[in-house]
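Work through the exercises below with the sequence and the structure open. Each task is followed by a solution in steps.

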Amino acid sequence: MSDFEFFLYLLPLVITLSWMLNLFKPKKPSLNLPPGKMGLPFIGETMGYLKPYTATTIGLFMEQHISRFGKIYKSHLFGEPTIVSADQGLNRYILQNEGRLFECSYPKSIGGILGKWSMLVLVGDMHRDMRNISLNFLCNGRLKTHLIKEVEKHTLFVLNSWKENSSFSAQDEAKKFTFNLMAKHIMSLDPGEQETEQLKKEYITFMKGVISPPLNFPGTPYRRALKSRSTILKFIEGKMNERLEKMKNDGNESMNDDDLLGWVLKHSNLSTEQILDLILSLLFAGHETSSVSIALAIFFLQDSPAVLQQLREEHLSISRVKQESAEKDLNWEDYKKMEFTQCVITETLRLGNVVRFLHRKAVKHVRYKGYDIPCGWKVLPVISAAHLDASLFDQPHLFNPWRWQPQVCPPLYFFCDSRILCYSDTSL
């Protein structure tokens, strides 16, 4: 029998055996995915999802999809199959189960520009360790003794720079204030100094690239941002080497840990690359979210005279008490008296939606309200959808700080990405 004849003899047997194995093979249960559509090949619905819209809305894309598919729907965003959640319960469930069922999953371009050791992209034990280092530096005692004084100092620095009867950009002034404050607490840089202003210039270029398409070609904002990132890291490394040289010559006790750089060098075993990415990621997180929040607060207050009046009365009351006691500088007790101020801040975060959505990924198969979230799929909790949900907040598009006063305060919901910023009281 030739080889060809032998092959023809075995072929029916192989086909029959393969068919039988496939027939009796256990079939995977079909997934009950949320309704939705996947959009165009490769780009999916990303362009529509990222179309600009005002901070006090969820945008036309979300409105149309929620109306058509409900608060939980599937799509294809950022190059991956995605579950989008405008459901407050699922959003809470996702963040409460981070590290167990879900993990951070920002686009690779974010890690490429912020650094692989940035807290925004780290997961697991390394993220926990980096976060603990930052929280230990910002302990309660340090907030009471250092931060409040520095906030007042840098506020006065910006206010005193304004000329009488002149106009200014609230957003630019807010960015100036927050950058100076962060630069002081991170590396003890003083406002107005040449090196501080040069670092600020490089940081502005860097930020334009972070929010731009990741096109690494000459002349693009992303390419310029990568160049500025390199310049910023060289500056930070230079400051770090100065501290290490001083510690080498004068001993470990000579290391000043009043700023984050000194604290990390003195109290951690992080590598140079880890320290550089940590410093840059905290500068990014603290500067961007705070400056936008301040600018939004000014924007809301200009159309809310009653809110502005009560806010002014609260601060004038604190000022009168300090004058009577011959005190000058703000302290922790003054801060605790600013109860209505905190309501204004909380309402600004709710209505302004500084962080509109988060990037997460399912690391296990998850079932929620009858829907399947497959392992490996991207998950986007849309925080702004809960903030503007009429079933959760009365007149959600109205700027109303009184809704947060203790006697009427609704349950607290998530305001920001908990990987870097603080949680609200009931987040976890």
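The model is predicted.

**Exercise 1. The chain as a whole**

Task: State how many helices and strands the chain has, and what share of its residues is buried.

Solution.
- Step 1. The secondary structure comprises 16 helices and 7 strands.
- Step 2. Of the 428 residues in the chain, 44% are buried.
- Step 3. The surface that the chain exposes is about 23800 Å², and 58% of it comes from carbon and sulfur atoms.
- Step 4. Among contacts with a separation of 6 or more, 66% are between residues 24 or more positions apart.

**Exercise 2. The sheet**

Task: Give the strand order of the open sheet and name its edge strands.

Solution.
- Step 1. The sheet has 5 strands in the order β1-β2-β7-β4-β3, and the pairing is mixed.
- Step 2. β1 (72-77) and β3 (102-104) are the edge strands, since each pairs on one side only.
- Step 3. From one strand to the next, the twist averages 35°.
- Step 4. Strands β2 (residues 80-85) and β7 (residues 378-381) run parallel and are joined by 4 bridges. Within this pair, valine 84 has leucine 380 in β7 as its bridge partner.
- Step 5. Two helices pack on the sheet. Helix α3 (residues 59-69) touches β1 and β2, and its direction makes about 130° with that of β1. Helix α4 (residues 88-96) touches β1, β2, β3, β4 (360-362) and β7; the angle between its direction and that of β7 is about 120°.

**Exercise 3. Strand β1 and its hairpin**

Task: Determine how β1 runs relative to β2, and describe the turn between them.

Solution.
- Step 1. Strands of a sheet can pair either parallel or antiparallel, through backbone hydrogen bonds.
- Step 2. β1 and β2 run antiparallel, with 6 bridges joining them. Histidine 76 stands opposite proline 81 in β2.
- Step 3. The two strands form a hairpin with 2 residues between them. In the turn, phenylalanine 78 has a positive phi of about 55°.
- Step 4. β1 is an edge strand, yet it is mostly covered, with 5 of its 6 residues buried.

**Exercise 4. Two crossing helices**

Task: Classify the angle between α6 and α11, and list residues that meet where they pack.

Solution.
- Step 1. The axes of helix α6 (residues 124-137) and helix α11 (residues 260-267) come within 10 Å and cross at roughly 120°.
- Step 2. Angles of 65 to 115 degrees count as roughly perpendicular and those over 145 as roughly antiparallel. The angle falls in neither class, so α6 and α11 are oblique to each other.
- Step 3. The crossing in which α6 passes α11 is right-handed.
- Step 4. From α6, Ile133, Asn136 and Phe137 meet Leu260, Trp263 and Val264 of α11.
- Step 5. α11 is mostly covered, as 6 of its 8 residues are buried. These are Leu260, Leu261, Gly262, Trp263, Val264 and Leu265.

**Exercise 5. A lysine in a helix**

Task: Decide whether lysine 239 is buried or exposed, and name its contacts beyond its neighbours within four places in sequence.

Solution.
- Step 1. Lysine 239 lies in helix α10 (residues 221-250).
- Step 2. Its relative accessible area is 15%. The cut-off for buried is under 20%, so lysine 239 is buried.
- Step 3. Apart from neighbours within four places in sequence, lysine 239 is in contact with Met187, Leu189, Glu195 and Leu261. One of these, Leu261, is a buried residue of α11.

Notes: Residues numbered from 1 in each chain as written. Predicted model: local features only at pLDDT ≥ 70, side-chain atom pairs only at ≥ 80, totals over all residues. Heavy atoms only, no water. Pairing = 2+ DSSP bridges. Axes fitted to C-alpha atoms, helices over the stretch in contact; angles between N-to-C directions. Contact = heavy atoms within 4.5 Å. Buried < 20%, exposed > 50% of the residue type's maximum accessible area, 1.4 Å probe, protein only. Areas by Shrake-Rupley, 256 points an atom, 1.4 Å probe, with all protein chains shown as cover. Parallel < 35°, antiparallel > 145°, perpendicular 65-115°, else oblique. Left-handed = near helix turned anticlockwise from the far one by under 90°.
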